[in-house]
Amino acid sequence: ASCLPGAGYHFEFLNKDGSWQPFGGELQRELSKVAESAPPPKRVFYFERGHPYYLFGLEELVNGRSDCLVQINMRTDVQRKVALREGPPPATGRLSTSSAA
């Protein structure tokens, strides 16, 4: 069973300071579309704030697992955990000037 919440959800990443940060609005929408595709891909490439990333683990959502979501910065190889949260992103989320590719 999919672990996508029925009443809406959003994605957040674990920032280097240890806080969870929501992705920007446009990227949220793109990632949601990909997560809801059948079947979801094993990885998604996107740019966020001028940096190239891959998001891995979306294919596990259909198995009820969101604990294996991870983004990797393709320039620095830095890996960060990504979480799937119920409800809309917090209003304090940072703005995004990019979209998923």
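**View 1. Arginine 65 and aspartate 67 form a salt bridge.** Arginine 65 is partly exposed, with a relative accessible area of 39%. Its partner in this predicted model is aspartate 67. The closest N and O atoms of the two are 3.1 Å apart. Aspartate 67 is exposed, and its relative accessible area is 60%. That value is over the 50% cut-off, so aspartate 67 counts as exposed. Arginine 65, at 39%, falls between the 20% and 50% limits, so it counts as partly exposed. A search of the whole structure gives three salt bridges. The next two views show the others.

**View 2. Glutamate 12 and arginine 85 tie two strands together.** Which strands hold the two residues? Glutamate 12 sits in strand β1, residues 9-14. Arginine 85 sits in strand β6, residues 79-86. The two residues form a salt bridge, with their closest N and O atoms 3.2 Å apart. The pair ties together parts that are 73 residues apart in sequence. Is glutamate 12 buried or exposed? Glutamate 12 counts as buried, at 8% relative accessibility. The limit for buried is under 20%, so 8% meets it. Arginine 85 is partly exposed, with a relative accessible area of 30%.

**View 3. Lysine 33 and glutamate 30 meet on helix α1.** Helix α1 covers residues 25-35. Lysine 33 and glutamate 30 are three residues apart in this helix, so about one helical turn separates them. Their side chains meet in a salt bridge, 3.8 Å from N to O. Lysine 33 is exposed, with a relative accessible area of 55%. Glutamate 30 counts as partly exposed, at 26% relative accessibility.

**View 4. Strands β3, β4 and β5 pair in the antiparallel sense.** The chain has one helix and six strands. From the N terminus on, its elements run β-β-α-β-β-β-β. Start with strand β3, residues 43-48. Strand β3 pairs with β4 over six bridges, in the antiparallel sense. Look for tyrosine 46, which stands opposite tyrosine 53 in β4. The two strands form a hairpin, with two residues between them. Arginine 49 is in the turn and has a positive phi of about 50°. Now move on to β5. How many bridges join β4 to β5? Four bridges join these strands, which run antiparallel. Here leucine 55 has glutamine 71 in β5 as its bridge partner.

**View 5. Phenylalanine 23 and tyrosine 46 pair edge-to-face.** The count of aromatic pairs comes to seven. In this pair, the ring centres are 6.1 Å apart and the planes stand at 90°. Planes over 60 degrees apart count as edge-to-face, so this pair fits that class. Phenylalanine 23 lies in the loop between β2 (20-22) and α1. Tyrosine 46 lies in strand β3. The pair therefore ties together parts that are 23 residues apart in sequence. Both phenylalanine 23 and tyrosine 46 are buried. Phe23 and Tyr46 also belong to one aromatic cluster, together with Phe13 and Tyr53. Over the whole chain of 101 residues, 38% count as buried.

**View 6. Phenylalanine 45 and phenylalanine 47 form an edge-to-face pair.** The distance is 5.4 Å centre to centre. The angle between the planes is 85°. Phenylalanine 45 counts as partly exposed, at 27% relative accessibility. Phenylalanine 47 counts as partly exposed too, at 35% relative accessibility.

**View 7. The largest pocket is lined by 15 residues.** Rolling a probe the size of a water molecule over the atoms shows where empty space is left. About 310 Å³ of space lies in the largest pocket. Which residues lie nearest its centre? They are Phe13, Asn15, Arg49, Tyr53 and Arg80. Two elements, β4 (51-56) and β5 (70-73), give two or more residues to the lining. The lining residues divide into four nonpolar, six polar and five charged. Some names here return from earlier views. Arg49 is in the turn of the β3 and β4 hairpin. Phe13 and Tyr53 are part of the aromatic cluster.

Definitions and conventions: Residues numbered from 1 in each chain as written. Predicted model: local features only at pLDDT ≥ 70, side-chain atom pairs only at ≥ 80, totals over all residues. Heavy atoms only, no water. 1 Å grid on protein atoms, 1.4 Å probe; cavity = no way out; pocket = protein on both sides within 12 Å on 5 of 7 lines; lining within 4 Å. Points joined across faces, edges and corners; volume = space filled by probe spheres on them. Nonpolar A, V, L, I, M, F, W, Y, C, P; charged D, E, K, R; others polar. Pairing = 2+ DSSP bridges. Salt bridge = Lys/Arg side-chain N within 4 Å of Asp/Glu carboxyl O. Buried < 20%, exposed > 50% of the residue type's maximum accessible area, 1.4 Å probe, protein only. Phe/Tyr/Trp six-rings, centres within 6.5 Å; stacked < 30°, edge-to-face > 60°.
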